[in-house]
Amino acid sequence: MLRLRAVCPFSWRMFQFRPYSCEPLISQMNKCTDEEQLFDLIEKNKAILSEKQLGCGFNILWQFQKQKTSSLKNVECIRNHPQFLTLLNLTTSKMEFLKDSTLVNVLYITQKFAVEAHDPLVEALVTEAWRRIERFDIDVLSKFSSCLADQHLYFSPLMGKIADIVNRNLETIQDLRSLSVLMVSISSLISQRFQEQLVNKTELLFDGIDSSQVITARRIVQFLRNIKYSYYPLLERCNKVFLSNANHLDLESISKILTLYHSLQFHSFEFIIMAKKRLTEMIPLFSQPASFVKLFVALGPLAGPEEKKQLKSTILLMSEELTSQQALAVMGAMEEMESRNSHLIKRIASILHKNLDNYKPVELLKITQALIFLHFRSKELFVKLQELLLSYLKISVIPSEICILVCAISMLPSPHLDEAGISRIEAVLPQCDLSDLNGFATSVLRWIEYDHMYLDSNTGKQLKLLQKLDHYAHQRLQNCNDLNLLWEELRSLKGDWFADSLLEETVATLQRLMDEINYINVIHPFAVLAVILPFSILNYDPPQRDEFFGTCIQHLNSYLGLLDPLKLVFLGFSLATLQYFPEDLLKAIFNIKFLARLDSQLELLCSSLNMRVQFRLMELNRAVCLECPEYQIPWFHDRFCQQQYNKDIGSMNGAQQQIYKMLAEVLGGINFVKASVLTPYYHTIGFECILDKRKKPLPYESHNITLGKLPEMHWGSNTQIVGSRLPPGAERIALEFLDPRAFCRNIPHLKGKSAMKKRHLEILGYRVIQIPLFEWNSMALSTKDARMDYLREHIFGEGKS
């Protein structure tokens, strides 16, 4: 034996270190049924493991992990196993021999097992990958970019290098799956031009993908969300992929897609109906808080009464087990659901209260908004909230975060901001965008209103701060040279400050950037409503009115069956205010099939939006019946209107009583004027009177009016024209006192809804007198005599009697 060893030392060495089985090691690995078997193999063969076998070991571990149900617990067990550490150490020693794909795959799997980014192996893998990066193929590059994203290295030089490689090789890339991964990873640091190139490339490659590639479509939507670009053609195509794979979408996918759609303000009625059905089927499947909370958040805002009841009762039972983040998610969903379940609100609020110290500023804002919206009252909780918000404000230096903190403080029951807080706001103003400036202004205006109410003395400081906000907002608009950036800053503004202070400057900026408007960022069927809305609200005709509207409708016609029902209703109403009634659009809305779809969608909306849609449908129905009787579209809103207007019968306020007395005096008595009149088709009129052909007031039958109390409303046929019941030559007069909201800002130009109402009343036989309240309350009409003369002139066409 010794002689044999001396003759063949090499052969003996090989024999000594062969595995205990003659079967190749990779085959043995593939036959393992659990991690312990695999680790046993690694322990027995660690001295001879090749780089290929190491890569195989990582792959098999990951396959086992994907099959686990309690994955988090298993991850910890694997990560702390001695043979997993052996795998890491062996891989480190053989780093330079690993193939490119194996190198990146090992990095990917170690991250899935929660190995820290500062672990020597992870650092070595990233460094080696950076050294080789120029030779990576597209698939390896995409996986590497995903690994960097998992480490939150979105803005790192290495991610910049990947973006540069993608940019240089974009024309040759043909794999949309890999490209979609790269697009999401590099989205934080690419130029607008590069974004557009990626969108164009995605469109070119989209036809080549398999319709089952839900993950690729989801990544494309995520990329659009990341770059804040609601590009409808791509969103529509991705939506078709989701719908065609509805039965394969799990809770995670549906939840993610709904969140992305919400961020992009993209509405798909078909997807929401599908999502509601799939999520409702999942209710019995989840008993653990983590998964059930995700279901609650996704389904809650879409659910019907029975499903909501089931969701709330289950989450109440689980409430003791909820983490701080799960409680926050539940509270946000309850706000969306407009929940009034006081027991559940109180239980979730107590969890939030216990964990307040652990929440970030933006989360504290969400908590504040939700608690106030849900009418939750707890002095102790609000005091703690205020202390936390003020403490964050003292140390924060990020403009958007300071804006969030200030907004949350201003919403609290007793808002207070000291000198240091105001100084903190002033310090960041030069860095703020329009959205932040608007947020600050809204908060300051809340404080001013609160101080007025409680006679506080801080208003002077707040007014000075408002002036500074005006200054920096004007500066921001004057320096803006990018229409997309401007739109992003303006799209979510709320409150009146911006419109009151910056309207002219904004219009001037838009005119300066007009050349950036093109067919890509304007005319898509999903965008037509947004294009028409300003004309409709402000009551202005666009240039080449008929050609313009005709082009819009032409783009819409092939999409009439695809658009969300509520969007179609809003679109029809907007066009109606402009006296534009496209027959195809109206017949698409006023048919039984469409109205059934609309009813289905109304069930998914919060109560406020549900009611708004119903009112818009009623108003559109009324406009068509009055202005286009030739279409023979029936009036079917009697019952709806009766239900709504029966709620509104109440008392006249002091100003109405004063006007009522004056009109009675001008007309010759209380029996010559009616207050709060309801017309056919349910328009309400402030005051009504009738003059005969000689302009002499005609009395009404006694209607037993007690001053301050509105008359009862008697229901009859609402399709009979009022004027047909008058004596020959008589005229019925409607007097409307219009507040400033009925007019465009700073000019006496009537807005669309008020102008449409005037048209309708005239069709119904009225002479309409619209009196602006800013005119009625002006210095010129500061005396009773002046007002009486004003009324006589408008009613009789004469001045002083």
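Helices here are DSSP runs of H or I at least four residues long, and they are numbered from the N terminus. With that in hand, welcome to a few exercises on this predicted model.

**Exercise 1. Find which helix gives the most to the lining of the second largest cavity, and say what kinds of residue make up that lining.**

Step 1. Start with the space itself: the second largest cavity holds about 40 Å³.

Step 2. List the lining, which consists of Pro525, Phe526, Leu529, Leu556, Leu563, Lys567, Leu568 and Leu571.

Step 3. Look up the helix. The top contributor is α32, with three residues.

Step 4. Sort the lining by type: seven residues are nonpolar, none is polar and one is charged.

**Exercise 2. Describe the largest cavity: how much space does it hold, and which residues line it?**

Step 1. Count first. There are two cavities of 30 Å³ or more.

Step 2. The largest cavity contains about 60 Å³ of space.

Step 3. Its lining is made of Tyr232, Gln265, Phe266, His267, Phe526, Leu563, Asp564 and Lys567.

Step 4. By type, the lining of the largest cavity has four nonpolar, two polar and two charged residues.

**Exercise 3. Explore the nonpolar cores: which residues have the most contacts inside the largest one?**

Step 1. Recall a general tendency: in soluble globular proteins, nonpolar side chains tend to be buried together.

Step 2. Here the largest nonpolar core has 212 residues, and Phe144 and Val166 have the most contacts inside it. Helix α32, residues 565-577, supplies the largest share of this core, eight residues.

Step 3. Follow Val166 outward. Setting aside neighbours within four places in sequence, Val166 contacts Leu141, Ile173, Leu179, Leu182, Ile186, Phe194 and Leu198.

Step 4. Look for a separate core as well. A second one has 27 residues, including Val666, Ile771, Leu781 and Tyr790.

**Exercise 4. Compare the span of helix α21 with the span expected for it, then find what its buried residues pack against.**

Step 1. Helix α21 covers residues 342-354, which makes 13 residues.

Step 2. The expected span is 1.5 Å times one less than the number of residues, so for α21 it comes to 18 Å.

Step 3. The end C-alpha atoms of α21 are 18 Å apart, which agrees.

Step 4. The buried residues of α21 are Leu344, Ile345, Ile348, Ala349, Ile351, Leu352 and His353. They pack against α19 (305-318), α20 (324-337), α22 (361-373) and α23 (379-395).

Step 5. Try the span check on α24 (residues 399-411) too: it has 13 residues and reaches 19 Å from first C-alpha to last, close to the expected 18 Å. Among the buried residues of α24 are Pro399, Ile402 and Cys403.

**Exercise 5. Describe the second largest pocket: which residues lie nearest its centre, and which helix gives the largest share of its lining?**

Step 1. The volume of the second largest pocket is about 1,400 Å³.

Step 2. Of its 38 lining residues, Tyr108, Lys112, Ser146, Arg218 and Arg219 lie nearest the centre.

Step 3. Helices that each supply at least two residues of this lining include α8 (100-112), α10 (138-150) and α16 (251-264). The largest share, seven residues, comes from α14.

Step 4. The lining of this pocket splits into twelve nonpolar, twelve polar and 14 charged residues.

**Exercise 6. Decide for Leu726, Thr259 and His152: buried, partly exposed or exposed?**

Step 1. Note the cut-offs: buried is under 20% relative accessible area, exposed is over 50%, and partly exposed is in between.

Step 2. Leu726 sits in the loop between β2 (684-691) and β3 (731-738). Its relative accessible area is 14%, so Leu726 is buried. Not counting residues up to four places away in sequence, Leu726 touches Ile690, Glu731 and Arg732.

Step 3. Thr259 belongs to helix α16. With a relative accessible area of 45%, Thr259 is partly exposed.

Step 4. His152 lies in the loop between α10 and α11 (157-169). Its relative accessibility is 61%, so His152 counts as exposed.

**Exercise 7. Find what is notable about the phi angles of His152 and Ser676.**

Step 1. Most residues other than glycine have a negative phi.

Step 2. His152 is not a glycine, yet its phi is positive, about 60°.

Step 3. Ser676, which is in strand β1 (residues 674-678), is not a glycine either and has a positive phi of about 50°.

Technical notes: Residues are numbered from 1 along each chain as its sequence is written. This is a predicted model: local features need pLDDT of at least 70, side-chain atom pairs count only at pLDDT 80 or more; totals for chains, interfaces and linings use all residues. Side-chain values use heavy atoms; hydrogens and water are left out. A nonpolar core is a set of buried Ala, Val, Leu, Ile, Met, Phe, Trp, Tyr and Cys residues joined through side-chain atoms within 4.5 Å. Buried means under 20% relative accessible area, exposed over 50%, partly exposed in between (1.4 Å probe, protein chains only). Contact means heavy atoms within 4.5 Å. On a 1 Å grid over the protein atoms alone, a cavity is a set of points where a 1.4 Å probe fits but cannot get out, and a pocket is an open set with protein on both sides within 12 Å along at least five of seven lines; lining residues have an atom within 4 Å of a point. Grid points are joined across faces, edges and corners, and a volume is the space filled by probe spheres set on the points. Ala, Val, Leu, Ile, Met, Phe, Trp, Tyr, Cys and Pro count as nonpolar, Asp, Glu, Lys and Arg as charged, and the others, Gly among them, as polar.
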